[in-house]
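Biologist: I would like to know how the labels on this structure were reached. Please show it, and then we can go through them.

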Amino acid sequence: MDARRHEPSSSRKKGRRSHYASSRRRSYRGSSREEEEEDDEPRSLAIHWYVIGLSILLVVGLSFVNFLALPGAATVPHEGHARALNALLTPEPVALNLNVVSPGHAPDAVLDFPASSAEGFAGLSPRPSAEWWAEADPIAKAAALRGGAAANVPPAAAVAARSQESDAHAKQLHEEMIKLPASVRGKVTREAVATAGGVAMLDGESWFTLRKPIDADEITLGAWIYLPKMSENNFPASSSSMKTIVATKVSGCKVEGTPTEGWALFVHEWGTTNRQLRLSWTDAASACHEIYSKTSLVPYDTWVDVGFSLSKSGNRARLLLNDEVIADTQRSVGTYMKQGQVLPVTQAPVGTRSVARSSSTGLAIGAHSPQPSDAGNSQSHMFIGFIGDVKLIQEALDDEVDTLRLIRSPFNDLPSALTSKAAAHLTFQKGSGPKNMPDGAVLEIHHASGAVPSGKDGSSIVFEWKEKLEHPILVASRMDDISSGEPSPPGPTLDPAALKATWPAEWTKRWSEEELLRSQREADPWADEVREAMRHTWRGYQKKAWGRDDLKPDSGQAKDWCRMAVTMVDGLSTLWLMGLKDEFNGALKWIEEQKIPTPGKHGRHSLFEISIRALGGLLSAHSLSEKQGFLDAARRLADNLLPAFNTPSGIPKSTVDVGTGESQWHSWVSHAVLAEVATVQMEMRYLSHATGEGKYAQASDRAMQAVLDAAGGRGLVPIYMSRDDKTPKFVGSKISLGAMGDSYYEYLIKQWVQAGKQKSDDHLKDAWRTAMREMKEKLVFKTQGGRTFVAESDNNRPRMRMDHLACFVAGMLMMGSRTLPPEEVDPGWEPLAAEITETCYQMYKRSPSGLSAEYYVFNMNGPSPGDMQIPNDAPHNLLRPEAAEAIYYMHYYTGDPKYRRMAYEMFSGFQRHCKAKYGYSAVGDVRGKPPRHKDSQESFWLAETLKYFYLIFAPRDTLNLEEWVLNTEAQPMRIWH
């Protein structure tokens, strides 16, 4: 637990209250009341219901008799009967599957009934011969199911603005379409693609454009795509979720700006990887009209035909996937959504859509059109996979089967009446790059970075067509695999006798031997899983950022801030506790060779962060291993930190250069921050104890005394202090046990414990007790739903919010309840700690992703779960440790097995959503499906989060808190008295 780079935050917005639980409760009570009233109903009313019921049965029976009297209906098998009745009785739209037949034989009749019962039995016909059925291709079978050629007019055409009977042009097209070769899938299509030269490989950072007016009032588009299955960790920022196949518009729902006109065809709903094929278009009201299917999804790792048609004159949109019409706005098939709101699909406004007629936009292949303000093209949602044989005809056919033939047929097989309307037929040829065959135009290639990288020209990304393809991203990922190929070293499992010796009397009084043994055996593989997460994180750091401060875990980029190899140093003690001694010794060798911190300018950075991470990491590694190299590096670092303490009051300046010792105050705030002033003492005191040089402890003790003097006996104090006065004072009235206040209270009790509870430090313990009493009185609240939390205070008024950082309070209370003299322990500390821990667990449990947000807002009068909400201004997760810290202390002292299960549930959220190629990434919004990576990994992930999870699952004596005390970065330091 610690105060993390506390930047000023924007004003907080209150989240919306959820009414899920309350509505559920009302439903339950209503049901009970209705049952009581039903018992009291007059008997005459019941007779009325019997009459109505008999009437309904009579109508259904007569309808079924009429159905049997239909021509050809007598030959419909039982499956056909069931589907026919389903078409009448099922209100939900059903996708038009053109390949559903009775198992093992030809269909007896047309079975593809529309959802509308009024049209449910149009076009039933006798079945074709079994010989013909055995050799026919899917679309020919579909035509038979539709009733042959022109004999069966699709029911949707009856309500269209024009019909085949009255439109000679449409009739001619239909007659031409049924002459196409029967086999339009497989060999013919493969040969057509192979003859063209291949398929385009798109990597999520590149796309093509055809610079010509491409959109029209009536269009049909078809393409072949291959969507490879890969981890989201491999997605670049320009392809985080949606995968755009083709588009003429920019992404987003606003109609202002350019170019919003047109349409887009893409895979995956925004913010997900749900494999839905979606068609989006724009009109004057919105740029987010979308149709899709919830159930017919794009498969991974196979070639599929995708396409759509849009007809302004017919007010109709259709979406097609292989042999299936998965959405149709006139047949009530599929789902329609407008800006996130699901509406009846027949209400989709196609007739008023805005056509993209500008040549400046043209057709984008593999991306939405770029937005001028989107420098990294993250809103273009680029495609990752392979695309081939794209054709766009400025015509929309009435017949579903004709549309399927158009989309799935080789271009050269199409009637001249259609090829003459071809605005685009894109082929991908080796050597010459992608071309548009109708006019010979060469497509432009673009890259998300702006300039197209060397070797990324059009011809270089044309691949030979194969039934199965491996994407270069997956090849590179495999070649760049950071896994060692070796199993994780065995964890510290103990035999039952040795394990029992680790249990304190408090555990054995509360829990049976069987319960405790079962808990440990359940947790052993969880400990191994956490250890492997640490190994994965360390391997990524070794490979991509060795000796640097931080690593971006998705991109593999290294970065520095103070040039102290912070990730390495901060993770040392976790390596040691996990038994990863080879990695630990490798880091020791590097530190001894490099003699950090190196001389020269490093830039000024937070004294607080450097003290708890770099200095604390080195000192903890020394305390655990007794290796002199760590202590030497710590002394060199501390000597360059001491000049920051040379102020009139002894309160250290906020930032320091670890190479030169130059220091200055923060520029973003005109005061000193409480947690930063009072969270350097454990480190400096340990260094003085280990070296015998008192100057380090003297400097930090002077700063702490300045805080206590300003407090004047108060327990809770504001988070800001004056910084230029010889006798500093508190400034403002904001009080928090979260950001900028937290670790001051933590270090009060831990300094007292660290030095062996000496009488000379009793003033620290007493100040802590006073603070805890005032916290309980002024800042602890419980919602109506039962959630206990630690609020903030400003102007003596509570703010009903709690930082994830404040979860450390639970562990601090448990520590106090077990380390203070019994007569000084408040009996309310432990139950309060348990309640706060439960709230912190719920921060994860109630999140859509299973990850906690940065803080929560509490509704005092709201029932559960509406009493906790994620705010819009802080929905991110930075891999913070404080909830795991609370659970660690609760389990360490009580032995309750439930805490291990809670911890594993939380850890699983990190495993599911944060694991990246080279480590684990923070996420931007825990409400996401899935949450998007921020490509950042703070060193406290190694030092704290993984350590606490591991210690929860490992045997209790892995770290004995009677011998060790943890600093705010979870760095163990031996208690010296």
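Modeller: Two strands pair if DSSP finds at least two bridges between them. The model is predicted, and the labels below are computed from it.

Biologist: What makes β17 and β18 a pair?

Modeller: At least two bridges are needed, and β17 and strand β18 (residues 441-442) have 2 bridges, in the antiparallel sense. In this pairing N436 stands opposite A441 in β18. The two strands form a hairpin with 4 residues between them, and G440 in the turn has a positive phi of about 75°.

Biologist: How do you know that β16 pairs with β17?

Modeller: By the cut-off of at least two bridges: strand β16 (residues 422-429) is joined to strand β17 (residues 433-436) by 4 bridges, and the strands run antiparallel. T427 stands opposite K435 in β17.

Biologist: Why do β23 and β25 count as edges of their sheet?

Modeller: That sheet is open and has 3 strands in the order β23-β24-β25, with antiparallel pairing. β23 (604-606) and β25 (663-664) each have a single partner strand, so one side of each is left without a neighbour in the sheet. Strand β24 (residues 655-657) is joined to β25 by 2 bridges, and T655 stands opposite Q664 in β25.

Biologist: How do you know that C253 and C288 form a disulfide?

Modeller: The two sulfur atoms must lie within 2.5 Å. For C253 and C288 the S to S distance is 2.0 Å, and the pair is a disulfide. C253 is in the loop between β5 (243-247) and β6 (263-267), and C288 is in the loop between β7 (276-281) and β8 (289-297), so the bond ties together parts that are 35 residues apart in sequence.

Biologist: Why is the disulfide of C253 and C288 called left-handed?

Modeller: The torsion about its S-S bond is about -90°, so the disulfide is left-handed.

Biologist: Why is C253 called partly exposed, and why is C288 called buried?

Modeller: Buried means under 20% relative accessible area, and exposed means over 50%. C253 has 30% relative accessibility, so C253 counts as partly exposed. C288 has 9%, so C288 counts as buried.

Biologist: How many disulfides are there by this rule?

Modeller: The count comes to 2. C807 and C840 are joined with an S to S distance of 2.1 Å, and the cut-off is 2.5 Å. C807 lies in the loop between β33 (801-803) and α24 (808-819), while C840 lies in helix α25 (residues 829-845), so the pair ties together parts that are 33 residues apart in sequence. The torsion about the S-S bond of C807 and C840 is about -105°, so this disulfide is left-handed. Both C807 and C840 are buried. With the bonded cysteines of the chain numbered in sequence order, the pairing is 1-2, 3-4.

Biologist: Why are C562 and C914 called buried?

Modeller: C562 has 1% relative accessibility, so C562 counts as buried. C914 has 0%, so C914 counts as buried.

Biologist: What makes α25 mostly covered?

Modeller: In α25, 12 of its 17 residues are buried. Among them are W829, L832, I836, C840 and Y844. α25 reaches 24 Å from its first C-alpha to its last, close to the 24 Å expected at 1.5 Å a residue.

Biologist: How do you know that the span of α21 agrees with the expected value?

Modeller: Helix α21 (residues 695-711) has 17 residues, which should span 24 Å at 1.5 Å a residue; the end C-alpha atoms are 25 Å apart, so the span agrees. The buried residues of α21 include Y696, M704, V707 and L708. After α21 comes G712, whose phi is positive, near 60°.

Biologist: Where is α28 kinked?

Modeller: The kink in α28 is centred on K947 and is about 30°. Helix α28 (residues 940-953) has 14 residues and reaches 19 Å, close to the 20 Å expected. α28 is mostly covered, with 14 of its 14 residues buried.

Biologist: What is the confidence over the chain?

Modeller: The mean pLDDT is 82, and 76% of the residues reach 70 or more. Over residues 1-47 pLDDT stays under 50, and over residues 64-166 the pLDDT is below 50.

Note on methods. Residues are numbered from 1 along each chain as its sequence is written. This is a predicted model: local features need pLDDT of at least 70, side-chain atom pairs count only at pLDDT 80 or more; totals for chains, interfaces and linings use all residues. Side-chain values use heavy atoms; hydrogens and water are left out. The expected span of a helix is 1.5 Å times one less than its number of residues. The bend at a residue is the angle between axes fitted to the seven residues ending there and the seven starting there. Buried means under 20% relative accessible area, exposed over 50%, partly exposed in between (1.4 Å probe, protein chains only). pLDDT is the predictor's confidence in each residue, from 0 to 100. Contact means heavy atoms within 4.5 Å.
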